[in-house]
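Visitor: Could you take me through this model, one question at a time?

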Amino acid sequence: MKKTFLILVLGVLPAMAQAAGNHDGGHDMAGMHKDMHVSMAGKPGDPVRAGRTVEVTMDDTMRFTPDQIKVKAGETVRFFVRNAGKLQHEMVIGTLEELKEHANMMRGNPAMKHAEPNMTSVPAGRVGGIVWQFDKPGTVYFACLVPGHFEAGMVGKVEVE
């Protein structure tokens, strides 16, 4: 019985940590920008349907590697996001307009705390993840919206074919 409980707890911890968000202080973004996860950029993906995993590294040069990714319309992708820097970074998926709006909110409240399906906030030396379904052809973006990082060029593109 104890072994089953331990397996259950260990299996749930990563999801709980992901859902908790990592911006210190502030408030839950869901109350401020309702339905942020409903986006022209796609929608939260079902992890069971993820066709592939794309590894993305963030670092203190304010860059993502890779910073350009190609996917097919309808594809569900699991992003394994590693923070190789010494600063907090995040990866947020959205349209350029959504990301600019969110970056403006973050500048006004840098301690904002939020957790949405289209983002992962990752402390230095840690990893996070996103599962996202890209449902329409076009260009989708991802960015770090920690104040100053987006402005420094920490932005990438997903070409949805």
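The questions and answers below go through a helix, a sheet and some single residues.

Guide: This is a predicted model, in which local features need pLDDT of at least 70 and side-chain atom pairs count only at pLDDT 80 or more, while totals for chains, interfaces and linings use all residues. Residues are numbered from 1 along each chain as its sequence is written, and side-chain values use heavy atoms, with hydrogens and water left out.

Visitor: How many degrees of arc do the buried residues of helix 3 cover around the axis?

Guide: Helices (H or I, at least four residues) and strands (E, at least two) are DSSP runs numbered from the N terminus, and helix 3 spans residues 96-108. Its buried residues (buried is under 20% relative accessible area, exposed over 50%, partly exposed in between, with a 1.4 Å probe and protein chains only) are E98, L99, H102, A103, M105 and M106. They lie on the same side of helix 3 because the arc, taken from the directions from the helix axis to the C-beta atoms, is only 160°.

Visitor: Which residues are exposed on the other side of helix 3?

Guide: An α-helix has 3.6 residues a turn, so residues three or four places apart point the same way. On the side of helix 3 away from the buried residues, the exposed ones are E97 and G108.

Visitor: Which strands are the edge strands of the open sheet?

Guide: The open sheet has 5 strands with mixed pairing, in the order 4-10-9-6-7, where two strands pair if DSSP finds at least two bridges between them. Strand 6 (residues 89-94), for example, pairs with strand 7 in the antiparallel sense over 4 bridges. Pairing on one side only marks the edge strands, which are strand 4 (68-71) and strand 7 (119-122).

Visitor: What is the bridge partner of V92 in strand 7?

Guide: Strand 6, residues 89-94, pairs with strand 7 in the antiparallel sense. In strand 7, the bridge partner of V92 is M119.

Visitor: Is T76 buried or exposed?

Guide: T76 is found in strand 5 (residues 76-83), and it touches residues including D46, R49 and W132 (contact means heavy atoms within 4.5 Å), not counting residues up to four places away in sequence. The C-alpha atoms of T76 and D46 are separated by 7.4 Å, although the two are 30 residues apart along the chain. Because its relative accessibility is 7%, T76 counts as buried.

Visitor: What is the omega of the cis peptide bond that joins T65 and P66?

Guide: P66 is found in the loop between strand 3 (63-65) and strand 4. The cis peptide bond joining T65 and P66 has an omega of about -5°.

Methods. Expected span 1.5 Å × (residues − 1).
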